[in-house]
Amino acid sequence: MELTASFAAARTMSAEEKKAMLCCWYEEYGTMILRTCCLYLGSRADAEDAMQETMLKAWRYMERFCAREGGYAKAWLMRIALNTCRDMLRAARRRQQAALSEMEEICAENGVSDGGCELLREVTMLPPSYKEAVLLYYYHGMTTAEAARVLRVSGSTVSRRLNAAVRMLKEKTEA
């Protein structure tokens, strides 16, 4: 019964009280959460997104946390952060798997051999600037000058990107 009364009291927290509590948590645990997310995700930008999502979830579910007697904010926030990181990685894997299955369908529809489809898969894994150059030059049949206009770079930059992409693809296919 006391838990229900505490939950009712937590529901009556004003927005200012919630804001103050969240600011306190951010000041005390923010750096630790950000570092953990960065190590988990391997990217500062993704870690910042996960940190922001963690704080939004903490705001959203603050009443539940406050309803528990003796809850530890640090453990609760870290659990939210780790679950958020897991969700982000799962979503990224799903997007990658969907893209690969779509690639297989495209290859089958256009009569591309298994080796050609594997090469296309490797092209999609290239860094964006190299991938763009390869797609414009080889897939769309543009000249380096035309690709340079599209990418807003010089023709020699397109040539360098193409050479680097071909080297990368050779290394991957030979390995």
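**Close-up 1. Glutamate 122 and lysine 172 join side chains in a salt bridge.** Here the N to O distance comes to 3.8 Å, and keep in mind that you're looking at a predicted model. This pair links distant parts of the chain, since its two members sit 50 residues apart. Glutamate 122 belongs to helix 6 (residues 114–124), while lysine 172 belongs to helix 9 (residues 155–174). How buried or exposed is each partner? Glutamate 122 has a relative accessible area of 18%, so it counts as buried, the cut-off being under 20%. Lysine 172 comes out at 37%, so that one is partly exposed.

**Close-up 2. In helix 3, arginine 44 pairs up with glutamate 48.** Their side chains meet in a salt bridge, with 3.0 Å from N to O. Why are these two separated by about one helical turn? Because they're four residues apart in helix 3, which covers residues 44–60. Arginine 44 has a relative accessibility of 51%, so it counts as exposed, the cut-off being over 50%. Glutamate 48, at 39%, is partly exposed.

**Close-up 3. Helix 5 has a salt bridge of its own, between aspartate 87 and arginine 90.** The N to O distance for this pair is 2.8 Å. Aspartate 87 and arginine 90 are three residues apart in helix 5 (residues 73–109), so about one helical turn separates them. Both ends of the bridge are partly exposed: aspartate 87 has a relative accessible area of 37%, and arginine 90 has 38%. How many salt bridges does the count come to? It's three. As a bit of background, side chains of opposite charge can pair when their charged atoms come close.

**Close-up 4. Helix 7 and helix 8 cross each other obliquely.** Two packed helices are described by the angle between their axes and the distance between the axes. For helix 7 (residues 128–139) and helix 8 (residues 144–151), the axes come within 9 Å and cross at roughly 135°. That angle is not over 145°, the cut-off for roughly antiparallel, so the two helices are oblique to each other. Their crossing is right-handed.

**Close-up 5. Here's where helix 7 and helix 8 touch.** Which residues does each helix bring to the contact? Helix 7 brings Glu132, Ala133, Leu136 and Tyr137, and on the helix 8 side you'll find Thr144, Ala147, Val150 and Leu151. Sorted by class, this contact has six nonpolar residues, one polar and one charged.

Conventions: Residues are numbered from 1 along each chain as its sequence is written. This is a predicted model: local features need pLDDT of at least 70, side-chain atom pairs count only at pLDDT 80 or more; totals for chains, interfaces and linings use all residues. Side-chain values use heavy atoms; hydrogens and water are left out. Axes are lines fitted to C-alpha atoms, for helices over the stretch in contact, and angles run from 0 to 180 degrees between N-to-C directions. Angles under 35 degrees count as roughly parallel, over 145 as roughly antiparallel, 65 to 115 as roughly perpendicular and the rest as oblique. A crossing is left-handed if the near helix is turned anticlockwise from the far one by less than a right angle, and right-handed if clockwise. Contact means heavy atoms within 4.5 Å. Ala, Val, Leu, Ile, Met, Phe, Trp, Tyr, Cys and Pro count as nonpolar, Asp, Glu, Lys and Arg as charged, and the others, Gly among them, as polar. A salt bridge is a side-chain nitrogen of Lys or Arg within 4 Å of a carboxyl oxygen of Asp or Glu. Buried means under 20% relative accessible area, exposed over 50%, partly exposed in between (1.4 Å probe, protein chains only).
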